[in-house]
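Reader: I should like a close look at a single part of this structure. Please describe one strand in its setting, with its neighbours and the connections between them.

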Amino acid sequence: MRIGLYPGTFDPITLGHLDIIKRGCVLVDRLVIAVAINEGKGPLFGLDERVAMVEAEAGKIMASTGTEIVVHPFDNLLIHCAHDVGAQIILRGLRAVADFEYEYQMVGMNRALDASIETVFLMAEAKFQPIASKLVKEIARLGGDVSKFVTPEVRAHLEARLAR
């Protein structure tokens, strides 16, 4: 069984993330979406909320693709998380050259820790390339419309969290 690991903070999960998840399902039999606790980033949503949003959105994709999707919170090294879930592949989405530079360094470090785990990069669809969770949160904080960047359910979570 090919098991892939797609890590991120998912604060919140965006249409760009969902695009990578859908496309990643073609490559693996089981996709583990690893939600980083990452308190250092000061997430808007708590871990339980992010996990619940990812589970809700991933459930729709699992139903349409038939690929098993599991959501797994983690707070250790990504390679250790990959070992914990039996992943042979780490999936990463790329939007721009700046993403590649950071991810290139991460791949080098991860390969030094365990060369048997391969990293696969998926380029974001052009319409999703500008989407970043950080920007989505900023737009929502300032009262902008984020419906082009997240699902209606995630938008409702954002609006509820940021209600003034």
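**A strand and its neighbours**

Author: In this predicted model, strand 2, helix 2 (residues 47–65) and strand 3 make up a β-α-β unit that is right-handed. Strand 2 covers residues 30–36, and strand 3 covers residues 68–74. These two strands are paired in the parallel sense through seven bridges; in this pairing Leu 31 of strand 2 lies opposite Ile 69 of strand 3. Of the seven residues of strand 2, six are buried, so the rest of the structure largely encloses this strand.

Strand 2 also pairs with strand 1, again in the parallel sense, over six bridges. Here Pro 7 stands opposite Ala 34, and Gly 8 stands opposite Val 35. The chain reaches strand 2 from strand 1 by way of helix 1 (residues 15–24), and this β-α-β crossover is right-handed.

Strand 1 itself deserves attention. Six of the six residues in strand 1 (residues 3–8) are buried, so this strand is largely enclosed by the rest of the structure. In a regular strand, side chains alternate between the two faces of the sheet. In strand 1, Ile 3, Leu 5 and Pro 7 point one way, while Gly 4, Tyr 6 and Gly 8 point the other way, and all are buried.

Strand 1 has a further partner in strand 4 (residues 89–94), to which two bridges join it in a parallel arrangement. In that pairing, Gly 4 has Ile 89 of strand 4 as its bridge partner. Strand 1 is thus paired with strand 2 and with strand 4, while strand 2 is paired with strand 1 and with strand 3.

How values were computed: Residues are numbered from 1 along each chain as its sequence is written. This is a predicted model: local features need pLDDT of at least 70, side-chain atom pairs count only at pLDDT 80 or more; totals for chains, interfaces and linings use all residues. Side-chain values use heavy atoms; hydrogens and water are left out. Buried means under 20% relative accessible area, exposed over 50%, partly exposed in between (1.4 Å probe, protein chains only). Helices (H or I, at least four residues) and strands (E, at least two) are DSSP runs, numbered from the N terminus. Two strands pair if DSSP finds at least two bridges between them. A crossover is right-handed if, with the strands pointing away from the viewer, the path from the first strand over the helix to the second runs clockwise.
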